[in-house]
Amino acid sequence: MKVHKPYVIYEEGDHSFIWLGLDESDREKGVLTNQYLIRDGDKGALLDAGGYFVFERVLNSVQEFVKPENVELLLYSHQDPDVVGALNLWVDMVPNARIYVSELWERFLPHLGYDLGEAINELPDQGAKIPFGKSYIEAVPAHFLHSPGNFHFYDPISKVYFSGDMGAAIFPKDKWYLIVENFEEHVKLMEGFHRRYIPSKAAIEKWLNRIQGMDIRIIAPQHGSIFMEKDVKNFLDWLRSLDKVGLDLL
Ligand SMILES: [Fe+2]
Ligand SMILES: [Fe+2]
């Protein structure tokens with residue numbers, strides 16, 4: 001079992017997109033998760049900051065790149081415990097952050113035990129461009145993939161697309177890797193997840209059509225491995241070719 005240091009996926013000038021490391025022993029506490037930081041100058045935006053058990057590792061990793069008080073955004077794709085589980089710890093550590101989550105889930109988050117007050121912002125179903133640094137981060141609607149109120153986040157500077165649970169892979173013990181190298185082999189680790197956790201083929205198609213014109217160089221999922229350049233197309237083509245998912249299997 002290894003501990004992996006953060007890895008800078010993209011960097012140009014003062015803008016970077018960073019994967020925030022991994023402790024492989026976390027798998028004993030649940031499915032492995034990826035967290036990412038978008039850095040612009042001295043400001044940070046944290047994507048799907050994660051659950052209780054990864055909080056310390058993620059916070060330490062963030063601090064290698066930006067000061068906690070300079071984390072401006074906590075962006076959440078959906079409501080699952082592996083996504084929002086440590087939110088009540090984060091609000092204390094990054095007191096200046098604005099929190100964004102679907103308008104469907106905003107009313108559920110106080111059950112984590114924290115009054116989020118003014119810090120929380122509802123993402124409308126149609127998505128939003130969230131101002132950040134010298135640019136913005138786009139909240140892209142990806143509803144029912146798998147949550148009914150679900151967003152992905154696109155950084156137009158790095159052209160990295162954070163795809164939440166889409167692209168998730170479940171690894172056998174000690175077989176984890178960060179970047180997809182052999183797409184055909186990698187598919188075997190994704191198939192079960194997408195068939196069972198993604199409820200409908202129609203939702204996949206709607207989303208694929210929505211993102212078709214976007215300039216996406218890298219897809220970074222919340223579980224599993226990162227798709228670089230040519231594997232972005234391989235991944236999207238594979239999703240379009242999936243015959244039966246979710247409701248089709250009932
Ligand atoms: Fe999820
Ligand atoms: Fe997840």
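Q: In this predicted model, which residue of β14 stands opposite V160?
A: The strands β13 and β14 run parallel and are joined by three bridges, and β13 covers residues 160-162, while β14 covers residues 218-220. Within β14, the residue that stands opposite V160 is I218.

Q: Which strands form the edges of the open sheet of six strands?
A: The sheet is open, with mixed pairing, and its strands follow the order β10-β11-β12-β13-β14-β15. An edge strand pairs on one side only, and the two strands for which this holds are β10 (128-132) and β15.

Q: Which residues donate to the iron ion (ligand 1)?
A: The donor atoms lie at 2.0 to 2.2 Å from this ion, and the donor residues are spaced in sequence as H-x1-D-x65-H-x18-D. Reading that pattern along the chain, one arrives at H78 (NE2), D80 (OD), H146 (NE2) and D165 (OD).

Q: How many residues apart are H78 and D165, two donors of the iron ion (ligand 1)?
A: H78 lies in the loop between β7 (71-75) and α2 (81-84), whereas D165 lies in the loop between β13 and α4. Both H78 and D165 are buried. The pair links distant parts of the chain, and the separation is 87 residues.

Q: Which residues are the protein donors of the iron ion (ligand 2)?
A: In sequence, the donor residues of this ion are spaced D-x82-D-x56-Q-H, and they lie 2.1 to 2.3 Å from the ion. The residues that fit this pattern are D82 (OD), D165 (OD), Q222 (OE1) and H223 (NE2).

Q: Why is the arrangement around the iron ion (ligand 2) irregular?
A: Four donors would count as tetrahedral if all angles lay between 85 and 135 degrees, and square planar has its own requirement, that opposite donors are over 155 degrees apart and all others between 65 and 115. The four donor atoms around the iron ion (ligand 2) make the arrangement irregular because they subtend angles of 81 to 172°.

Q: Which residue coordinates both iron ions?
A: The iron ion (ligand 1) and the iron ion (ligand 2) lie 3.5 Å apart. One residue appears among the donors of ligand 1 and also among those of ligand 2, and this bridging residue is D165.

Q: Is Q222 buried or exposed?
A: A residue counts as buried when its relative accessible area is under 20%. D165, which is another donor of the iron ion (ligand 2), has a value of 3% and is buried. For Q222 the relative accessibility is 0%, so Q222 counts as buried.

Q: With which side chain does the side chain of T33 make a polar contact?
A: T33 lies in the loop between β4 (22-23) and β5 (36-40), and T33 counts as buried at 7% relative accessibility. Leaving aside neighbours within four places in sequence, T33 is in contact with residues including D82, Q222 and H223. The polar contact, at 2.9 Å, is with the side chain of Q35.

Q: What distance separates the C-alpha atoms of L37 and D48?
A: L37 lies in strand β5, and at 0% relative accessibility L37 counts as buried. Leaving aside neighbours within four places in sequence, its contacts include F17, L46 and F65. D48 is 11 residues away from L37 along the chain, and their C-alpha atoms are separated by 9.4 Å.

How values were computed:
Residues numbered from 1 in each chain as written. Chains lettered and ligands numbered in written order. Predicted model: local features only at pLDDT ≥ 70, side-chain atom pairs only at ≥ 80, totals over all residues. Heavy atoms only, no water. Donors = N, O, S within 2.8 Å, 3.2 Å for Na, K, Ca; no water. Tetrahedral: all angles 85-135°; square planar, octahedral: opposite > 155°, others 65-115°. Helix = DSSP H or I, 4+ residues; strand = E, 2+ residues; numbered from the N terminus. Buried < 20%, exposed > 50% of the residue type's maximum accessible area, 1.4 Å probe, protein only. Pairing = 2+ DSSP bridges. Polar contact = N/O pair within 3.5 Å; in protein donor to acceptor, adjacent residues only side chain to side chain. Contact = heavy atoms within 4.5 Å.
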